[in-house]
Amino acid sequence: MNATRLQTHLDRLEAESIRILRETVAECAKPVLLYSIGKDSSVLLHLLLKAFYPARPPLPLLHIDTTWQFREMIEFRDRIARETGVDLRVYINEEGVRQGTDPIKDGAARHTDVMKTQALRQALAKYGFDAAIGGARRDEEVSRAKERVFSLRSAGQRWDPRKQRPEPWGLFNARLGAGETLRVFPISDWTELDVWLYIRREGIEVVPLYYAAVRPTFIRNDTLLVRDDDRVPLAPGEQLVPKRVRFRTLGGWPLTAAIESDAADLDAIVAEMLDTRQSERAGRVIDRDPTDSMERKKREGYF
Amino acid sequence: MKATSDARVNTTRPALAARLAALEARDTLRFAMCGSVDDGKSTLLGRLLAESGMVPEDRLAQMVRDSKVHGTQNGRPDYSLLLDGLEAEREQGITIDVAWRYFGTDKRAFIVADCPGHAQYTRNMASGASTAELGIVLVDAHAGVLTQTRRHAAILALFGLRRVLFAVNKLDLIGYDEARYHAIEHECRELARGLGIEHADAIPVSAINADNLVVRSPRTPWYGGKPLLEYLETVPVERRLDAAFTLPVQWVNRPDHSFRGYAGTVAGGRVAPGDEIVVLPSGQRSRVARVVGGDHDLDAAAAGQAVTLTLADQIDVARGDVIADPARPPQVAAQFACHLLWLDDAPLLPGRRYLLKLATQVIGAQVTEIKHRIDPDTQAHLAATRLGANEIAYCNLSLDADIAFRPYREDRRLGGFILIDRETNATVGCGTLDFGLRRDTNVHWQELDVDRAARAKIKGQTPRCLWFTGLSGAGKSTIANLVERRLLAAGFHTILLDGDNVRHGLNRDLGFTDADRVENIRRVAEVAKLMLDAGLIVLVSFISPFRAERDMARDLIGEGGFMEVFVDAPLEVCEARDVKGLYAKARAGKIANFTGIGSPYEAPEAPEIHLHSDQESAADSAARVVRLLAS
C-alpha cells in the first residue's frame, strides 16, 4: 500500500470502522459481535480480524439462530467460524421453538419478535454482554439515519431517540449505568454500494445465495420465495418453478424475497446494483409494515 | 420485482471494470448542511438526492404516498419526507436530530450531516459540524440573512470549518431577482469574513423547482457558477499533508510475549519503520520497528489510516498515550483555555467534576472559570456563572493530570473534546482547546520536609475526614458534636467544620445557587484537606446535597482518608423537627433553592456508614461512628 496517495472513500470507511471496533473493545467490559451471516456481517468480521491482527479478536461472535435461516447460511457460518478460529456462540430461543413459533403461521412480526428480538435480549442477559456490535447501516431505512454509532439502550433494551449521546469528532461515550447496554454500529456510514465494492476489493467470501443460480421458487403474497425445506406446504395454486434468482439481503427463508437475476459474480452484482431502482429492504417481509415499523421495533429492542 | 437489466446489457465487461475502478478510487466529501425546515433544507437535500438519481423507486413511491398524509405541499410530493425519519418529527413537522445521508456520483462519495436548524437544537449541529470538510448554510432568499443564519455560520466557524457555502434558496419567491440575490450574497460573504471563515461561496437555488441543483437553471441566466451537485463534486477538500505525525494509542495489542503493538488511527502526518518517536505525556523515546496494517506490514502509513505500531524498545505505553514525532510533538498540559458548547439540560457548574475525553484520553476535569458566554447571534461577550443547554462560552479548564493535545485550529482530533457527567454518564458538553495555560509550570508545589504522616505521628492518630451529609434537620451537627466530644475525651485531636459556621466566615460571599453550593463544598474540602495534613481528625457537617461534590471532596482528600457519614431521616421527619424554622420559611416561599423543597438532595449510594436518625438515638449513632473510626 502506498502511503503517500490520498485515502479513497473505501480506505476512509475501513479505517473508521476499525477505529470504532477498537474503541468498543477498549471501553466496554464485555462486548460481543452479532454475526448474522449476511454480507454486512462478512464485512464486519473481515474488519474485526484486521483491527486486532495479529491477535485473535478479543471478543466472541454471537449468532441469533431463528431456526428458519437458509441451510446454506448455517453451513457457511460454521465453516467460516472454523477457518477464522473465532469464538462463535449460537443462541436459539428454545422457548420459542418449544411453542412451535413459525413465520408463516404466526406472521413475520410475531416470529421476528420471539425468535430475534426476545432471543437477542435473552442471549445478552445470559452472557452478560454490555455492548453488542452489529452491521446495521444508516442508509438502510429512514429511522436508522439518526442512529448513533454508540447507541444507548436503557434497562429493558429500549431505545429512546431523545436520550442518545452526541458524538462530535467521533468521540464515543461508552459509560453505562445499571442495566444499560450499548449497540455499536461500525459500518454506519457505509452504503450498500460501498459494502459490495469493499467485498470486491478485499476478496471477502459471502454466502453463495447472493449469487444468481437456478433455485426452486414459488410466489406467495406477491413475493418471490425460494423453498429451502418442506416445513411450509405449498398452498393450492402455488407451484415450485426453477428460476435464476439471487438475494440482496438474507434472513429467514420464508421472510426473504429473491430477485430474478443473472448476476453470478461480484462485478455483475455491483453492475446490477448501479442499475437497480429498488431499495435493498424492499425484499424484506418484516419491513412491510407502516413506515414507522422499524422505529417501533427498535424501541422494543429489535436490533 | 425483476431488477432492470436493460442498462446492464449495454455495459460491456471492460467498461464495467473501468467504472468499478473509478468508483473504488473515489474520494469523500463530508459536509454539514444547516438550516431550518422553514429554509427548505430537507426539501433541498431530498430533491438533490432524487434529482441525482440516488433514491430508489420504492422509496420515492413511499414518499409520494406519505406526502398525502404528512406532507407540507398540499399533497404534492414533499421531498423533505425522504429525510425526516422519526415519528415525532413528522408529527411535529420539525427535524429533531442530526440525520446522516449518503449519496455519491462517479466522482465523489458524500457523507452528509443534515443538521437541525431550530435554536434549541444547536447542540445537534456539533456532531455534524465537527467532522465536516464543508459547511452549507441555507438562506431563505425571501427572508434574507436572519439571526439563525448568523448562528449557523458562527457554529460552523467555532467547529473549525474553513469553507462555507451559502445556498440561497427560494429564488422563486423573489422572482429570480438578480439584484436581490447579489445583496444577500454580499451580506453572506461579509458574515463569513467577520467570523474568520477563509472561503465563502454562494449559489442561488430553488429546491422546489430544482433550479441550479443538478443543471444550471435557465431562470438564472445571470448566474455563471456551478450548479450545486457539480460544486460538491469539485470543491477542493483541505487535507493537511504537512502535519506532524501523531497517533493516539487506542489499544495495546499483546497476543503473546513475542508481539507488543500499539493500535490506533494516525491523527496527522505519516510514519514509517525506523522513525524516531516520543510517547506523551511520559516523554519516553524510541523508534518505530514495524507499521502493521490489516494482516501485513506497510512501508509507511499516513493520516487517517488505522494501524498497529511496534517499537524498537520495551517501554511502557498504554491506551490514552500519544505516539508522536519528537521534532514536532503535541503540547502537554493540564490547564487550558477552551471554547465550550453545553449540551445537557442540567447546567454546567464551574468546579463540578466531569470526565473529559479527548482522542483516546479520558481524565477527570472541571471548568475552573467561565470567562464569558458568547452570544451566538452577535458574538458579544456576556458574563455568566453557569451555562445552559446550547450555550457557548469561553472557559478555563483544569484536568487531574497532564494530557497531550494540539490547539483545535491545528488539529481537530487532538483539540476537540467531550465532557461526560459522572453520575448520569451523559455526554453533557463538547469543546475545542485553544491553548494550554502554563499555570502548572509557574506555580510549583513547595516540597515540604515535615509531612502529614510526621504530624499525625506525634499526635498518635490516623488523620481522617468524617463527612456528615444529610437534609437540614436530619441531625448531622448533633451527632457530629457527640462524636467530637467522645474523640476528645479519648485523647484525639479534632476539628469540626459546620456548614452554618463556615458560611458566616470563609464562605460569607456565597449564596445558595447550584454554582455557589459547588464552590462552598470545594472550599470546605480544601480546608479539610489542609487540616488532615496537619494531622487532625476532621469532622465536616454540611448538607452537601450533590453527589458530584461529595465525590469531589472524596477525590481531593483521597480514598482511605475520607469517610462519608449519611445522616438519614425522611423529609417529613426533618420538616416536623424544623429546629431552625427553615422548612416553614421555604414552604412559605421565603427561601429559594432549599434542599428537599426547591432543590434536590442526592442520597449517597455507598456511604461508609448509614445512620437512621429517626430510628436510633444520636448517642447510639455517635457511638457507631466512633467504633467505625477505631476499626
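Colleague: In this predicted model, at what angle do helix α6 and helix α7 of chain A cross, and within what distance do their axes come?

Modeller: Two packed helices are described by the angle between their axes and the distance between the axes. Here, helix α6 (residues 192-202) of chain A and helix α7 (residues 266-275) of chain A cross at roughly 165°, and their axes come within 10 Å. Angles over 145 degrees count as roughly antiparallel, so α6(A) is roughly antiparallel to α7(A). Their crossing is left-handed.

Colleague: Which residues of α6(A) and α7(A) meet?

Modeller: From α6(A), A:Glu192, A:Leu193, A:Trp196, A:Leu197, A:Ile199 and A:Arg200 take part, and they meet A:Leu266, A:Ile269, A:Val270 and A:Met273 of α7(A). The contact comprises eight nonpolar, no polar and two charged residues.

Colleague: How should helices α14 and α15 of chain B be read, with what angle and what distance between axes?

Modeller: The description follows the same two quantities, angle and distance. Helix α14 (residues 514-533) of chain B packs against helix α15 (residues 547-557) of chain B at about 25°, with the axes 9 Å apart. Angles under 35 degrees count as roughly parallel, and α14(B) is therefore roughly parallel to α15(B). The crossing of this pair is right-handed. Nine nonpolar, no polar and four charged residues make up the contact of α14(B) with α15(B).

Colleague: How many residues does each chain bring to the contact between chains A and B?

Modeller: The size of an interface is often given as the accessible area lost when the parts come together. Here the description is by residues: chain B contributes 72 residues and chain A contributes 60 residues. The chain B side has 32 nonpolar, 19 polar and 21 charged residues.

Terms used:
Residues numbered from 1 in each chain as written. Chains lettered and ligands numbered in written order. Predicted model: local features only at pLDDT ≥ 70, side-chain atom pairs only at ≥ 80, totals over all residues. Contact = placed C-beta atoms within 7 Å. Nonpolar A, V, L, I, M, F, W, Y, C, P; charged D, E, K, R; others polar. Axes fitted to C-alpha atoms, helices over the stretch in contact; angles between N-to-C directions. Helix = DSSP H or I, 4+ residues; strand = E, 2+ residues; numbered from the N terminus. Parallel < 35°, antiparallel > 145°, perpendicular 65-115°, else oblique. Left-handed = near helix turned anticlockwise from the far one by under 90°.
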